[in-house]
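Please open the model in your viewer and keep the selection box handy. We will walk from one stop to the next, and at each one I will tell you what to pick and what you will find there.

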Amino acid sequence: MHYRRFGRTGWQVSQIALGAWQLGADWGTVTEDEALATVRAALDRGINFIDTADVYGDGRSEQLVARAVKAHGRERVYIATKAGRRLNPHVAEGYDATHLTGFVERSLRNLGTDRIDLLQLHCPPSAVYSQDTTFAALDDLVRQGKLRHWGVSVETVEEARRALDHANLTSIQIIFNIFRQKPAEALFAETVARDVAVIARVPLASGLLTGKLRRDTRFAADDHRNYNRQGEAFDVGETFSGVPYEVGLEAVEELRSLVPDGASMAQFALRWILMQEAVSCVIPGARNPAQAESNAAAAELPPLSEQTLATVRSVYDRRIRSLVHERW
C-alpha cells in the first residue's frame, strides 16, 4: 500500500481506502461475519482510512467498522463518518447545532469513541453551504473535543466550490471516476491551492467499472441499483454515477482493451483515479474480503500511460460527457 497526505491534517492515509456503505445497507444482504471479515482484510492489506455514515443500516455500518477495527488492534486507523441524512424532512434548516450535536453523539456511541476523526456533512441541500451557522456549529464541536476535523460530502462541483469558502474545511468527498471527470477540470486545482483533502467516492460507478455487470444482471430488491435507477430514493448520480445502464455497459466494453495484463477492470479504474495527485484517497466499497483485497492491490499498479489516459478521455467525451458533465 502507498500513502498520501490528507490535506492539512498531517495524516498519511492509504491511497486505497474502504467505503463501508455496503456493510450497512442498500447493496443487498451482507452478514455480520462477512462485514467484519471484509474490514479485517482491508486492514491486513494496509488500508488505514474507512468511510462510513450514520444512515448506513441506521448505524450498523458504524458499529461493525468500530468492532472490526478494535479487534484488529492496528495502531492507527482513521474513521470518517457522515451526518445529516437522518433529518426528516431533509431540509437545510435542520443542519443546526442541536441536530448536528445529536447526530455526533449518536455516532460517538456507535463508534465506541470519544472523538470522531472526520465528520462530513452528508450531501446536504445546497442552501446549507450558505448557512454560516452550520459551519460555526461544526467548529464548536471541534472545540468541544467531539470532532478532530470536519468536511463535506457533496453531489456537485458547484457545492464543493461553495464549501471551500469556509475556512476550517478539511476535506471534500465527491464522485470522481472514469464516468465523472468534471472535478479534475473544475475543482482539483482549487483544493490543492487551499490544501483541502479530496476523497473520491463511487469510484467504480456502482459496479459498472468492474466490468462484471451485464445487460441481464439482476439486483436484489434492497439494492439501490434496483430501486434508485431514476433517483427515486436519493440523487440518481449515486447510482451508476448517473449514467444510463446500457450506455455504461457499452463504454466499459470500449475500455476493456486498456486494462493492463494481470489487472482487473476495477483495479484499472481505481488506478486511473490515483493518477490525479489532488486525490487523497479513493473509497471503493466491498461486500467480502476478496473484493477488499483486490481493491487494495490497485495501489500497486504502475502509472497509466499518456496514451491510455487520452483514450479514456476520448471514451468519456464521446459517450458520457453530454449525459453527466453539466448536471453535477
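The tour goes from the sheet to its loops, then to the cysteines and the empty spaces.

This is a predicted model, so local features need pLDDT of at least 70 and side-chain atom pairs count only at pLDDT 80 or more, while totals for chains, interfaces and linings use all residues. Residues are numbered from 1 along each chain as its sequence is written, and side-chain values use heavy atoms, with hydrogens and water left out.

**Stop 1: the sheet**

Switch to a cartoon view and colour the strands. Helices (H or I, at least four residues) and strands (E, at least two) are DSSP runs, numbered from the N terminus. Two strands count as paired if DSSP finds at least two bridges between them. In what order do the strands of the open sheet run? Eight strands take part, in the order 3-4-5-6-7-8-9-10, and their pairing is parallel. Now select 18–19 and 281–282: these are strand 3 and strand 10, which stand at the edges with a single partner strand each, so one side of each has no neighbour in the sheet.

**Stop 2: along strands 5 to 8**

Select 78–83 and 116–122. These are strand 5 and strand 6, a parallel pair joined over four bridges. Show Lys 82 as sticks, and opposite this residue, in strand 6, you will find Gln 120.

Next, add 147–153, which is strand 7. Is strand 7 mostly covered or mostly open? Five of its seven residues are buried, so-called when the relative accessible area is under 20% (exposed is over 50%, partly exposed in between, with a 1.4 Å probe and protein chains only). Strand 7 pairs with strand 6 in the parallel sense over six bridges. To see one of these contacts, pick Leu 118 and its bridge partner His 149 in strand 7.

Bring in 132–143, which is helix 4. Together, strand 6, helix 4 and strand 7 form a right-handed β-α-β unit. You can check the hand yourself: with the strands pointing away from the viewer, the path from the first strand over the helix to the second runs clockwise.

On to strand 8, at 171–175. Strand 7 and strand 8 are parallel partners over two bridges, and Val 152 stands opposite Ile 172 in strand 8.

**Stop 3: backbone details in the loops**

Select Asn 88 and Pro 89 and look at the peptide bond between them: the bond is cis, with omega near 5°. Pro 89 sits in the loop between strand 5 and helix 3 (97–111).

Then move to Asp 195, in the loop between helix 7 (188–193) and strand 9 (197–201). Its phi is near 60°, a positive value in a residue other than glycine. Asp 195 is partly exposed, at 24% relative accessibility.

**Stop 4: two cysteines**

Select Cys 123, in the loop between strand 6 and helix 4. Its phi, too, is positive for a residue other than glycine, near 45°. Cys 123 is buried, with a relative accessible area of 5%.

How many disulfides does the whole structure have? The search finds zero, where a disulfide is a pair of cysteine sulfur atoms within 2.5 Å. Why is Cys 123 without a bond? The closest cysteine sulfur, in Cys 281, is 15 Å away, which is too far. Cys 281 is also buried, at 0% relative accessibility.

**Stop 5: the empty spaces**

Rolling a probe the size of a water molecule over the atoms shows where empty space is left. On a 1 Å grid over the protein atoms alone, a cavity is a set of points where a 1.4 Å probe fits but cannot get out; a pocket is an open set with protein on both sides within 12 Å along at least five of seven lines; lining residues have an atom within 4 Å of a point. Grid points are joined across faces, edges and corners, and a volume is the space filled by probe spheres set on the points.

The structure holds one cavity of 30 Å³ or more, and the largest cavity has about 70 Å³ of space. Select Val 157, Arg 180, Lys 182, Pro 183 and Trp 328, which lie nearest its centre among 13 lining residues.

Finally, the second largest pocket has a volume of about 270 Å³. Of its 17 lining residues, Ala 66, Ile 79, Leu 111, Gly 112 and Thr 113 are the closest to its centre. Colour helix 2 (60–72) to finish: this helix gives the most to the lining, with five residues.
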